[in-house]
Amino acid sequence: MTASGRRHPRRPRAFGTTVFAEMSELAARTGAINLGQGFPDQDGPDSVREAAVAALRAGRGNQYPPVAGVPELRAAVADHQRARYGLAFDPEREVLVTAGATEAIAATLLALVSPGDEVVVLDPAYDAYAAAIALAGGVRVSVPLRPERGAFRLDPAELRAAVTPRTRLLLVNSPHNPTGTVLTRAELTGIAELAVEHDLLVVTDEVYEHLVYGVEHLPLAGWPGMRERTVTVGSAGKTFSFTGWKIGWLTAPADLLGAVLAVKQYLTYVPAGPLQYAVAKALRLPPAYFDGLRAELADRRELLVAGLERAGFGVFRPAGTYFVTADIRPLGERDGVAFCRALPDRAGVVAVPSAVFYQRPELGAPFVRFAFCKRPAVLRAAADRLASLGPAGGRPAAADSPLSTV
Ligand SMILES: *Cc1c(COP(=O)(O)O)cnc(C)c1O
(Lines give C-alpha, C1' and ligand atoms only; values in the text may rest on other atoms or scores of the structure.)
Protein backbone atom coordinates (compact mmCIF):
# COMPACT_ATOMS: atom_id res chain seq x y z
CA MET A 1 0.00 0.00 0.00
CA THR A 2 1.39 3.37 -0.97
CA ALA A 3 1.03 5.81 1.87
CA SER A 4 -0.91 8.76 0.54
CA GLY A 5 1.00 10.74 3.17
CA ARG A 6 4.14 10.02 1.16
CA ARG A 7 2.63 11.00 -2.17
CA HIS A 8 1.20 14.25 -0.83
CA PRO A 9 3.50 15.08 2.06
CA ARG A 10 3.24 18.83 1.73
CA ARG A 11 -0.36 19.29 0.83
CA PRO A 12 -2.04 21.67 3.26
CA ARG A 13 -4.96 20.39 5.26
CA ALA A 14 -8.20 21.26 3.56
CA PHE A 15 -10.33 21.38 6.70
CA GLY A 16 -10.18 25.12 7.38
CA THR A 17 -11.01 26.03 3.81
CA THR A 18 -13.97 23.69 3.85
CA VAL A 19 -15.47 25.25 6.95
CA PHE A 20 -15.02 28.83 5.66
CA ALA A 21 -16.67 27.88 2.38
CA GLU A 22 -19.42 26.03 4.20
CA MET A 23 -20.12 29.01 6.47
CA SER A 24 -20.24 31.50 3.59
CA GLU A 25 -22.53 29.18 1.67
CA LEU A 26 -24.73 28.89 4.76
CA ALA A 27 -24.86 32.68 5.03
CA ALA A 28 -25.87 33.02 1.39
CA ARG A 29 -28.52 30.29 1.61
CA THR A 30 -30.13 31.40 4.87
CA GLY A 31 -29.77 35.16 4.44
CA ALA A 32 -27.87 35.24 7.72
CA ILE A 33 -25.65 38.18 8.67
CA ASN A 34 -22.11 37.09 7.86
CA LEU A 35 -19.74 37.91 10.70
CA GLY A 36 -17.60 34.96 9.71
CA GLN A 37 -15.03 36.01 7.16
CA GLY A 38 -13.01 39.11 8.05
CA PHE A 39 -13.53 41.64 5.32
CA PRO A 40 -15.00 45.16 5.69
CA ASP A 41 -18.43 45.81 4.19
CA GLN A 42 -17.37 49.29 3.08
CA ASP A 43 -14.41 50.22 0.88
CA GLY A 44 -11.50 52.32 2.10
CA PRO A 45 -10.86 56.02 1.41
CA ASP A 46 -12.07 57.50 -1.89
CA SER A 47 -8.74 59.29 -2.30
CA VAL A 48 -6.94 55.94 -2.32
CA ARG A 49 -9.36 54.39 -4.78
CA GLU A 50 -9.04 57.45 -7.03
CA ALA A 51 -5.26 57.19 -6.86
CA ALA A 52 -5.59 53.68 -8.30
CA VAL A 53 -7.87 54.94 -11.07
CA ALA A 54 -5.45 57.78 -11.83
CA ALA A 55 -2.51 55.37 -12.03
CA LEU A 56 -4.42 53.10 -14.41
CA ARG A 57 -5.36 56.05 -16.63
CA ALA A 58 -1.86 57.50 -16.58
CA GLY A 59 -0.35 54.18 -17.54
CA ARG A 60 1.59 53.87 -14.28
CA GLY A 61 2.17 50.23 -13.46
CA ASN A 62 0.14 48.79 -16.33
CA GLN A 63 3.25 46.92 -17.47
CA TYR A 64 5.39 44.74 -15.20
CA PRO A 65 6.61 46.91 -12.36
CA PRO A 66 10.03 46.27 -10.75
CA VAL A 67 10.15 42.85 -9.09
CA ALA A 68 10.71 44.32 -5.62
CA GLY A 69 7.80 46.76 -6.02
CA VAL A 70 7.45 50.29 -7.39
CA PRO A 71 10.00 52.68 -5.81
CA GLU A 72 7.21 54.97 -4.55
CA LEU A 73 5.68 52.17 -2.46
CA ARG A 74 8.99 50.87 -1.15
CA ALA A 75 9.86 54.40 -0.04
CA ALA A 76 6.44 54.83 1.58
CA VAL A 77 6.83 51.56 3.52
CA ALA A 78 10.32 52.57 4.71
CA ASP A 79 9.06 56.01 5.76
CA HIS A 80 6.09 54.45 7.57
CA GLN A 81 8.36 52.13 9.59
CA ARG A 82 10.69 54.99 10.46
CA ALA A 83 8.01 57.53 11.35
CA ARG A 84 5.88 55.15 13.43
CA TYR A 85 8.45 52.91 15.06
CA GLY A 86 11.86 54.51 14.53
CA LEU A 87 12.93 51.49 12.44
CA ALA A 88 15.24 52.32 9.51
CA PHE A 89 15.06 50.15 6.38
CA ASP A 90 16.74 50.85 3.07
CA PRO A 91 13.89 51.06 0.51
CA GLU A 92 16.24 49.73 -2.19
CA ARG A 93 17.41 46.58 -0.42
CA GLU A 94 15.28 46.01 2.64
CA VAL A 95 11.67 46.49 1.49
CA LEU A 96 9.80 44.01 -0.71
CA VAL A 97 6.27 44.45 -2.09
CA THR A 98 4.21 41.24 -2.24
CA ALA A 99 0.80 39.98 -3.32
CA GLY A 100 -0.66 40.51 0.12
CA ALA A 101 0.73 39.39 3.45
CA THR A 102 -0.14 35.86 2.39
CA GLU A 103 2.51 35.81 -0.33
CA ALA A 104 5.01 37.55 1.93
CA ILE A 105 4.60 34.75 4.49
CA ALA A 106 4.58 31.92 1.94
CA ALA A 107 7.66 33.21 0.09
CA THR A 108 9.50 33.79 3.37
CA LEU A 109 8.84 30.28 4.65
CA LEU A 110 9.67 28.68 1.29
CA ALA A 111 12.93 30.63 1.25
CA LEU A 112 14.03 30.17 4.84
CA VAL A 113 12.63 26.80 5.96
CA SER A 114 14.13 23.51 4.75
CA PRO A 115 12.33 20.18 4.91
CA GLY A 116 12.33 18.95 8.50
CA ASP A 117 12.98 22.36 10.05
CA GLU A 118 10.70 23.16 12.95
CA VAL A 119 8.64 26.33 12.85
CA VAL A 120 7.20 27.47 16.15
CA VAL A 121 3.76 29.07 15.82
CA LEU A 122 1.11 30.27 18.21
CA ASP A 123 -1.97 28.05 18.57
CA PRO A 124 -4.45 29.21 17.30
CA ALA A 125 -2.99 30.82 14.17
CA TYR A 126 -4.09 32.36 10.90
CA ASP A 127 -4.87 29.42 8.62
CA ALA A 128 -2.36 30.31 5.89
CA TYR A 129 0.57 29.61 8.23
CA ALA A 130 -0.01 25.87 8.46
CA ALA A 131 -0.30 25.71 4.67
CA ALA A 132 2.90 27.68 4.08
CA ILE A 133 4.84 25.59 6.60
CA ALA A 134 3.58 22.40 4.97
CA LEU A 135 4.49 23.66 1.48
CA ALA A 136 8.02 24.37 2.72
CA GLY A 137 8.23 20.87 4.20
CA GLY A 138 8.60 22.31 7.67
CA VAL A 139 7.20 20.93 10.89
CA ARG A 140 4.64 23.05 12.72
CA VAL A 141 5.25 23.18 16.45
CA SER A 142 2.50 25.01 18.29
CA VAL A 143 2.57 26.95 21.53
CA PRO A 144 -0.90 27.61 22.90
CA LEU A 145 -2.26 31.02 23.71
CA ARG A 146 -4.01 30.28 27.00
CA PRO A 147 -7.40 31.83 27.76
CA GLU A 148 -7.13 33.50 31.13
CA ARG A 149 -8.58 36.60 32.78
CA GLY A 150 -10.52 37.64 29.70
CA ALA A 151 -7.65 37.36 27.19
CA PHE A 152 -5.49 34.80 25.43
CA ARG A 153 -1.94 35.00 26.76
CA LEU A 154 1.43 33.53 25.84
CA ASP A 155 3.42 31.75 28.54
CA PRO A 156 7.12 32.49 27.84
CA ALA A 157 8.12 29.24 29.59
CA GLU A 158 5.89 27.21 27.25
CA LEU A 159 7.38 29.01 24.28
CA ARG A 160 10.89 28.25 25.52
CA ALA A 161 10.02 24.58 25.99
CA ALA A 162 8.91 24.35 22.35
CA VAL A 163 12.36 25.28 21.00
CA THR A 164 14.61 22.35 20.05
CA PRO A 165 17.89 22.03 18.12
CA ARG A 166 15.74 21.62 14.99
CA THR A 167 13.91 24.92 15.46
CA ARG A 168 14.60 27.27 12.57
CA LEU A 169 12.06 30.00 12.90
CA LEU A 170 9.45 31.60 15.15
CA LEU A 171 6.31 32.74 13.34
CA VAL A 172 4.54 35.36 15.43
CA ASN A 173 1.37 37.38 14.88
CA SER A 174 0.40 40.45 16.89
CA PRO A 175 -2.23 41.89 16.93
CA HIS A 176 -3.39 38.31 16.72
CA ASN A 177 -6.04 36.73 14.51
CA PRO A 178 -8.29 35.03 15.65
CA THR A 179 -8.02 35.90 19.38
CA GLY A 180 -7.64 39.71 19.23
CA THR A 181 -4.67 39.48 21.58
CA VAL A 182 -1.99 42.14 21.34
CA LEU A 183 1.21 40.69 22.78
CA THR A 184 2.50 42.67 25.75
CA ARG A 185 5.95 44.13 26.11
CA ALA A 186 6.84 41.25 28.46
CA GLU A 187 5.62 38.59 26.02
CA LEU A 188 7.49 40.20 23.13
CA THR A 189 10.63 40.49 25.25
CA GLY A 190 10.38 36.76 25.96
CA ILE A 191 10.15 36.01 22.24
CA ALA A 192 13.07 38.30 21.38
CA GLU A 193 15.35 36.96 24.09
CA LEU A 194 14.65 33.39 23.04
CA ALA A 195 15.29 34.16 19.37
CA VAL A 196 18.60 35.86 20.11
CA GLU A 197 19.71 33.15 22.54
CA HIS A 198 19.02 30.32 20.05
CA ASP A 199 19.91 32.33 16.95
CA LEU A 200 16.45 31.84 15.42
CA LEU A 201 14.84 33.65 12.55
CA VAL A 202 11.57 35.43 13.32
CA VAL A 203 8.68 36.19 11.00
CA THR A 204 6.20 38.62 12.49
CA ASP A 205 2.81 39.19 10.88
CA GLU A 206 1.76 42.72 11.79
CA VAL A 207 -1.10 43.25 9.32
CA TYR A 208 -3.29 44.60 12.15
CA GLU A 209 -0.64 47.04 13.41
CA HIS A 210 -3.03 49.98 13.15
CA LEU A 211 -6.03 48.23 14.68
CA VAL A 212 -5.24 48.47 18.39
CA TYR A 213 -7.54 49.81 21.06
CA GLY A 214 -6.01 51.48 24.08
CA VAL A 215 -2.75 49.56 23.76
CA GLU A 216 0.37 50.11 21.71
CA HIS A 217 1.56 47.97 18.82
CA LEU A 218 5.25 47.21 19.36
CA PRO A 219 7.12 45.72 16.37
CA LEU A 220 9.41 42.83 17.28
CA ALA A 221 12.12 44.14 14.95
CA GLY A 222 12.67 46.95 17.46
CA TRP A 223 14.04 44.68 20.22
CA PRO A 224 17.81 44.40 20.71
CA GLY A 225 19.35 41.86 18.35
CA MET A 226 16.10 41.41 16.42
CA ARG A 227 16.41 43.62 13.36
CA GLU A 228 19.02 41.35 11.77
CA ARG A 229 16.92 38.18 12.19
CA THR A 230 13.37 39.43 11.65
CA VAL A 231 11.09 39.54 8.64
CA THR A 232 8.21 41.94 9.36
CA VAL A 233 5.07 41.51 7.28
CA GLY A 234 2.49 44.24 6.60
CA SER A 235 -0.49 44.69 4.31
CA ALA A 236 -2.77 47.36 2.90
CA GLY A 237 -5.83 45.08 3.07
CA LYS A 238 -6.79 45.54 6.71
CA THR A 239 -5.37 49.05 7.27
CA PHE A 240 -7.04 50.64 4.25
CA SER A 241 -10.10 48.41 3.86
CA PHE A 242 -9.14 47.11 0.44
CA THR A 243 -8.72 43.42 1.16
CA GLY A 244 -9.30 42.56 -2.51
CA TRP A 245 -6.27 44.50 -3.69
CA LYS A 246 -3.78 42.08 -2.16
CA ILE A 247 -0.93 44.52 -1.77
CA GLY A 248 1.39 43.58 1.06
CA TRP A 249 5.05 44.03 1.91
CA LEU A 250 7.85 42.89 4.12
CA THR A 251 10.83 44.60 5.66
CA ALA A 252 13.95 42.57 6.45
CA PRO A 253 17.74 42.84 6.40
CA ALA A 254 19.11 42.66 2.85
CA ASP A 255 20.45 39.09 3.07
CA LEU A 256 17.14 37.64 4.24
CA LEU A 257 15.18 39.76 1.80
CA GLY A 258 17.34 38.58 -1.08
CA ALA A 259 16.56 34.96 -0.26
CA VAL A 260 12.83 35.70 -0.09
CA LEU A 261 12.90 37.67 -3.35
CA ALA A 262 14.55 34.72 -5.11
CA VAL A 263 11.44 32.65 -4.32
CA LYS A 264 8.85 35.36 -4.66
CA GLN A 265 9.85 36.17 -8.26
CA TYR A 266 8.57 32.69 -9.22
CA LEU A 267 5.31 32.97 -7.29
CA THR A 268 3.45 36.08 -8.44
CA TYR A 269 6.56 37.88 -9.73
CA VAL A 270 4.79 41.18 -8.96
CA PRO A 271 1.38 42.25 -7.65
CA ALA A 272 -0.83 44.73 -9.52
CA GLY A 273 1.23 47.78 -10.54
CA PRO A 274 -1.37 50.57 -10.43
CA LEU A 275 -2.56 49.49 -6.99
CA GLN A 276 0.98 49.79 -5.67
CA TYR A 277 0.95 53.51 -6.49
CA ALA A 278 -2.35 53.91 -4.70
CA VAL A 279 -1.09 52.13 -1.59
CA ALA A 280 2.01 54.34 -1.60
CA LYS A 281 -0.36 57.26 -1.34
CA ALA A 282 -2.45 55.53 1.33
CA LEU A 283 0.55 54.98 3.58
CA ARG A 284 1.14 58.72 3.49
CA LEU A 285 -2.38 59.62 4.64
CA PRO A 286 -2.34 61.98 7.61
CA PRO A 287 -2.48 60.57 11.17
CA ALA A 288 -6.16 61.59 11.27
CA TYR A 289 -6.97 58.73 8.89
CA PHE A 290 -5.38 56.09 11.10
CA ASP A 291 -6.87 57.61 14.27
CA GLY A 292 -10.28 57.75 12.61
CA LEU A 293 -10.14 54.12 11.52
CA ARG A 294 -9.16 53.05 15.01
CA ALA A 295 -11.91 55.10 16.65
CA GLU A 296 -14.51 53.77 14.22
CA LEU A 297 -13.51 50.17 14.82
CA ALA A 298 -13.30 50.73 18.58
CA ASP A 299 -16.99 51.79 18.50
CA ARG A 300 -17.87 48.71 16.45
CA ARG A 301 -16.00 46.52 18.86
CA GLU A 302 -18.17 47.89 21.67
CA LEU A 303 -21.35 47.21 19.69
CA LEU A 304 -20.41 43.60 19.07
CA VAL A 305 -18.95 42.92 22.51
CA ALA A 306 -22.06 44.34 24.19
CA GLY A 307 -24.32 42.31 21.91
CA LEU A 308 -22.44 39.09 22.59
CA GLU A 309 -22.47 39.72 26.33
CA ARG A 310 -26.22 40.38 26.23
CA ALA A 311 -26.68 37.13 24.34
CA GLY A 312 -24.91 35.27 27.12
CA PHE A 313 -21.53 34.44 25.56
CA GLY A 314 -18.30 34.62 27.51
CA VAL A 315 -16.52 37.42 25.67
CA PHE A 316 -12.80 38.04 25.22
CA ARG A 317 -12.67 41.78 24.60
CA PRO A 318 -10.01 42.12 21.90
CA ALA A 319 -7.15 44.61 22.30
CA GLY A 320 -6.54 44.53 18.56
CA THR A 321 -7.74 43.27 15.12
CA TYR A 322 -11.40 43.33 14.11
CA PHE A 323 -12.35 39.98 15.64
CA VAL A 324 -13.99 38.97 18.89
CA THR A 325 -13.57 35.49 20.32
CA ALA A 326 -16.57 34.26 22.29
CA ASP A 327 -16.91 31.29 24.63
CA ILE A 328 -20.12 29.31 24.03
CA ARG A 329 -20.02 27.33 27.28
CA PRO A 330 -22.10 29.88 29.22
CA LEU A 331 -24.84 29.13 26.65
CA GLY A 332 -24.67 25.46 27.57
CA GLU A 333 -22.75 24.56 24.41
CA ARG A 334 -19.41 22.81 24.00
CA ASP A 335 -18.77 22.25 20.29
CA GLY A 336 -18.07 25.40 18.28
CA VAL A 337 -18.24 23.63 14.92
CA ALA A 338 -21.75 22.30 15.58
CA PHE A 339 -22.74 25.63 17.13
CA CYS A 340 -21.62 27.60 14.05
CA ARG A 341 -23.35 25.16 11.71
CA ALA A 342 -26.61 25.71 13.58
CA LEU A 343 -26.28 29.44 14.23
CA PRO A 344 -27.63 30.72 10.89
CA ASP A 345 -30.92 28.84 11.37
CA ARG A 346 -31.03 29.46 15.06
CA ALA A 347 -30.22 33.18 15.13
CA GLY A 348 -29.58 34.34 11.55
CA VAL A 349 -25.88 35.04 12.11
CA VAL A 350 -22.73 33.39 10.79
CA ALA A 351 -19.59 32.98 12.90
CA VAL A 352 -16.47 30.85 12.46
CA PRO A 353 -15.54 28.05 14.85
CA SER A 354 -12.15 28.88 16.36
CA ALA A 355 -11.17 25.19 16.23
CA VAL A 356 -10.27 25.63 12.53
CA PHE A 357 -7.39 27.88 13.56
CA TYR A 358 -5.89 25.38 15.97
CA GLN A 359 -3.33 22.64 15.51
CA ARG A 360 -4.94 21.08 18.58
CA PRO A 361 -8.61 21.73 17.76
CA GLU A 362 -9.72 20.49 21.18
CA LEU A 363 -8.17 23.63 22.70
CA GLY A 364 -10.44 25.78 20.55
CA ALA A 365 -13.61 23.68 20.67
CA PRO A 366 -15.71 26.01 22.86
CA PHE A 367 -14.73 29.22 21.05
CA VAL A 368 -16.17 30.99 18.04
CA ARG A 369 -14.95 34.07 16.19
CA PHE A 370 -17.10 37.03 15.12
CA ALA A 371 -15.86 39.89 12.89
CA PHE A 372 -16.82 43.50 13.62
CA CYS A 373 -15.49 45.18 10.44
CA LYS A 374 -19.11 45.78 9.43
CA ARG A 375 -21.40 48.82 9.42
CA PRO A 376 -22.90 49.68 12.82
CA ALA A 377 -26.43 48.94 11.56
CA VAL A 378 -25.32 45.45 10.58
CA LEU A 379 -23.68 44.86 13.96
CA ARG A 380 -26.80 46.12 15.77
CA ALA A 381 -29.00 43.81 13.72
CA ALA A 382 -26.67 40.88 14.46
CA ALA A 383 -26.70 41.73 18.17
CA ASP A 384 -30.53 41.83 18.15
CA ARG A 385 -30.68 38.45 16.47
CA LEU A 386 -28.14 36.92 18.83
CA ALA A 387 -30.13 38.15 21.82
CA SER A 388 -32.49 35.26 21.12
CA LEU A 389 -29.79 32.91 22.37
CA GLY A 390 -29.64 34.47 25.81
CA PRO A 391 -31.60 33.53 28.90
CA ALA A 392 -33.90 36.52 28.33
CA GLY A 393 -34.19 35.58 24.66
CA GLY A 394 -35.84 38.23 22.50
CA ARG A 395 -37.48 35.68 20.20
CA PRO A 396 -40.32 33.32 20.87
CA ALA A 397 -39.13 29.84 21.73
CA ALA A 398 -40.75 28.37 18.62
CA ALA A 399 -38.36 30.29 16.41
CA ASP A 400 -35.49 28.52 18.14
CA SER A 401 -36.53 24.99 17.33
CA PRO A 402 -33.29 24.08 15.50
CA LEU A 403 -31.71 24.38 18.95
CA SER A 404 -32.71 20.82 19.63
CA THR A 405 -30.65 19.56 16.72
CA VAL A 406 -27.39 21.19 17.89
C1 LIG B 1 -5.97 38.81 6.62
C2 LIG B 1 -4.69 38.31 7.18
C3 LIG B 1 -3.57 38.09 6.36
C4 LIG B 1 -3.65 38.16 4.86
O5 LIG B 1 -3.37 39.41 4.38
P6 LIG B 1 -3.43 39.67 2.81
O7 LIG B 1 -2.70 40.95 2.67
O8 LIG B 1 -4.86 39.72 2.39
O9 LIG B 1 -2.73 38.54 2.15
C10 LIG B 1 -2.39 37.71 6.95
N11 LIG B 1 -2.30 37.52 8.28
C12 LIG B 1 -3.34 37.71 9.08
C13 LIG B 1 -3.19 37.48 10.54
C14 LIG B 1 -4.58 38.09 8.57
O15 LIG B 1 -5.64 38.21 9.37
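**View 1. F240 is buried in this structure, with a relative accessible area of 1%, and the model in which its ring is shown is a predicted one.** The structure holds 15 aromatic pairs. One of them is formed by F152 and F316, whose rings are tilted, at 4.5 Å centre to centre and with 45° between the planes. This pair links distant parts of the chain, since F152 belongs to strand β5 (residues 151-154) and F316 to strand β10 (residues 314-316), 164 residues apart. F152 counts as buried because its relative accessibility of 1% falls under 20%, and F316, at 9%, counts as buried as well. F240 itself pairs with Y289 in a stacked arrangement, at 5.7 Å centre to centre and with 20° between the planes. Here too distant parts of the chain are linked, with F240 in helix α9 (residues 236-240) and Y289 in helix α12 (residues 287-311), 49 residues apart. Y289, like its partner, counts as buried, at 18% relative accessibility.

**View 2. A cluster of rings is made up of F152, F316 and F367, which are linked through ring pairs.** The view also takes in the strands around these rings. Four strands form an open sheet in the order β10-β11-β14-β13, with antiparallel pairing. Strands β10 and β13 (352-353) stand at the edges, where each has a single partner strand, so one side of each is left without a neighbour in the sheet. Within the sheet, strand β11 (residues 323-327) pairs with strand β14 (residues 367-371) in the antiparallel sense, over five bridges. F367, in β14, stands opposite D327.

**View 3. Two arginines, R227 and R369, are shown with the rings that they lie over.** R227 lies over the face of F89, at 4.4 Å from the ring centre. R369 lies over the face of F323, at 3.7 Å from the ring centre.

**View 4. Salt bridges join side chains of opposite charge, and a search of the whole structure finds 24 of them.** D79 and R82 meet in a salt bridge at 3.6 Å, N to O; both residues lie in helix α4 (residues 71-85), three residues apart, which is about one turn of the helix. D79 is partly exposed, with a relative accessible area of 31%, and R82, at 43%, also counts as partly exposed. The side chains of R146 and E158 meet at 2.7 Å, N to O, in another salt bridge. That pair links distant parts of the chain, with R146 in strand β4 (residues 139-148) and E158 in helix α7 (residues 156-162), 12 residues apart. R146 counts as partly exposed at 31% relative accessibility, and E158 is partly exposed at 25%. A further salt bridge, at 3.3 Å from N to O, is formed by E302 and R301; E302 counts as partly exposed at 32%, whereas R301 is buried, with a relative accessible area of 11%. Elsewhere, D43, D46 and R49 are linked in a network of salt bridges.

**View 5. L110, L135 and L267 make a nonpolar surface patch of about 230 Å².** Of these leucines, L110 is found in helix α5 (residues 100-112), and at 31% relative accessibility L110 counts as partly exposed.

Methods:
Residues numbered from 1 in each chain as written. Predicted model: local features only at pLDDT ≥ 70, side-chain atom pairs only at ≥ 80, totals over all residues. Heavy atoms only, no water. Phe/Tyr/Trp six-rings, centres within 6.5 Å; stacked < 30°, edge-to-face > 60°. Helix = DSSP H or I, 4+ residues; strand = E, 2+ residues; numbered from the N terminus. Buried < 20%, exposed > 50% of the residue type's maximum accessible area, 1.4 Å probe, protein only. Lys NZ or Arg CZ within 6 Å of the ring centre and 35° of its normal. Patch = residues over 30% accessible without salt bridge, like charges linked within 9 Å, V, L, I, M, F, W, Y side chains within 5 Å. Areas by Shrake-Rupley, 256 points an atom, 1.4 Å probe, with all protein chains shown as cover. Salt bridge = Lys/Arg side-chain N within 4 Å of Asp/Glu carboxyl O. Pairing = 2+ DSSP bridges.
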